[in-house]
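User: Please zoom in on one loop in this model, starting with a residue in it that has an odd backbone angle. Then work outwards to the helices and the ligand.

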Amino acid sequence: MSPLIQGIDLFAGAGGLSLGAQLAGVTVTHAIEENRVAANTYRINHPETQVIEADIRSIDPPAFKPKPAAVKLLFGGPPCQGFSTSNQRTRSADNPKNWLFGEFFRFARFSQPDWIVLENVKGLRQTADGHFEELILKQLETLGYESALWVLCAADFGVPQRRYRLFFVGSRTGRVPMAPSPQKKIVTVKHALADLPVLGVGAHEDVLPYPCAARSNYAKQMRGGLTECSGHLVTANNSTVTKRYPHIPQGGNWQNIPKRLMQNYSNLVNSRSRHTGIYRRLSWDEPSIVIANYRKNMLIHPEQHRGLSVREAARLQSFPDSYRFCGSIGLQQQQVSNAVPPLLAKAVFSQILNAE
Ligand SMILES: C[S@@+](CC[C@H](N)C(=O)[O-])C[C@H]1O[C@@H](n2cnc3c(N)ncnc32)[C@H](O)[C@@H]1O
């Protein structure tokens with residue numbers, strides 16, 4: 001039988017990383033998140049976890065009272081905008097957000113967990129010439145942890161999305177597991193989305209019944225026996241934008257839009273001209289490109305002339321349909337985009353449980 005593993009999630013957001021930990025068998029006792037709306041999302045989906053809604057810098061680490069013989073795990077994903085390669089402007093050691101991972105080690109010093117899992121974007125490795133990666137590995141060593149560094153693609157772990165994440169795994173158990181092995185089966189956008197309702201630009205009826213039977217094992221897994229689900233919310237666009245959609249084929253982007261329809265877009269496109277994710281229409285037969293800022297970048301449904309709904313983005317992140325997101329459509333989109341795909345997280349935490 002697996003041992004009891006109790007964990008704390010720092011920078012918990014909507015709870016994607018926590019959900020993956022739970023799916024692997026971890027009991028998450030506490031979650032810390034300063035944003036009220038994200039904390040609410042976390043609460044309604046994880047009623048058994050104590051959510052501490054505060055700036056982590058202002059709080060003492062919670063008393064970590066694991067059951068006797070329980071294995072202690074500290075995990076979390078500090079904000080990563082400052083490390084992201086899509087954010088060249090503030091991607092450096094000068095960005096104060098880049099120093100929040102120090103909080104991770106303040107908590108680790110206090111609660112002395114057996115395991116640490118620190119998740120981030122893989123761009124952290126290159127930021128400030130590798131300075132942050134070096135610092136994190138050094139901190140782990142100073143606190144007495146052996147460590148491993150895994151760069152994993154979500155698409156290799158049953159998630160219909162090519163999203164790379166970096167995991168620092170620290171162990172004080174004398175055992176450091178290998179990275180999880182990629183699965184053979186790739187889940188495509190069609191597997192993930194083909195059974196969801198047809199929606200229009202600006203759709204705002206949150207809960208809708210499924211229009212047909214699940215069309216794939218993945219969809220069946222995401223439905224989990226429900227007959228309806230929430231999140232059928234699509235950003236409203238004006239006609240300048242909607243006229244552009246029909247010109248973009250699957251796999252295409254803003255470059256497929258006739259120039260005459262892009263007049264007032266030229267500044268943005270010029271400044272980000274190498275960004276192929278803008279006005280990107282997803283292809284049915286591949287995993288999605290990364291779901292990040294998908295409202296701003298305008299990820300488009302493979303067939304319908306509109307952006308993705310919150311539920312579609314959540315499916316591409318492997319959140320089950322029972323998972324509900326709080327707040328305005330913009331805040332829901334942000335929480336979904338910020339999350340670690342639960343199935344990727346599950347693969348990571350399962351390696352740790354297997355090593356126990
Ligand atoms: C990348 S998101 C976490 C996503 C989460 N791991 C998931 O899988 O859903 C980072 C989170 O850190 C929170 N955060 C940022 N600064 C914080 C602080 N000083 N104290 C507590 N939470 C903070 C943000 O509100 C955001 O929700």
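Analyst: Tyr-279 sits in the loop between α8 and α9 (294–297); helices here are DSSP runs of H or I with at least four residues, strands are E runs of at least two, and both are numbered from the N terminus. Keep in mind that this is a predicted model: local features need pLDDT of at least 70, side-chain atom pairs count only at pLDDT 80 or more, and totals for chains, interfaces and linings use all residues. Residues are numbered from 1 along each chain as its sequence is written.

The odd bit is phi of Tyr-279, near 55°, which is positive although the residue isn't glycine. Tyr-279 counts as buried because 25 other C-beta atoms lie within 10 Å (the cut-offs are 20 or more for buried, 12 or fewer for exposed, partly exposed in between, with C-beta atoms placed from the backbone).

Ser-318 makes a handy companion: phi is near 75°, again positive in a non-glycine residue. Ser-318 is buried too, with 30 other C-beta atoms within 10 Å, and lies in the loop between α10 (310–316) and α11.

For contrast, take Pro-258, in the loop between α7 (239–242) and α8 (266–271). Pro-258 has 9 C-beta neighbours inside 10 Å, so it counts as exposed. Its C-alpha is 7.6 Å from that of His-247, eleven residues away in sequence.

Follow the Ser-318 loop on and you reach α11 (residues 329–338), where seven of the ten residues are buried, so the helix is largely enclosed by the rest of the structure. Among those buried residues are Ile-329, Gln-332 and Val-336. Across the protein, 44% of the 356 residues count as buried.

Now the ligand. It has 22 residues around it, the closest being Phe-11, Gly-13, Gly-16, Glu-34 and Ala-339 (near means a C-beta atom, placed from the backbone, within 6 Å). That shell has twelve nonpolar, six polar and four charged residues; Ala, Val, Leu, Ile, Met, Phe, Trp, Tyr, Cys and Pro count as nonpolar, Asp, Glu, Lys and Arg as charged, and the others, Gly among them, as polar.

Gly-16 turns up again in α1, where it is one of the residues meeting α12 (contact means C-beta atoms, placed from the backbone, within 7 Å). Others in that contact include Leu-19 and Leu-23 from α1, and Phe-349 and Leu-353 from α12. The contact divides into eleven nonpolar, three polar and one charged residue.

Key:
Two residues are in contact if their C-beta atoms, placed from the backbone, lie within 7 Å.
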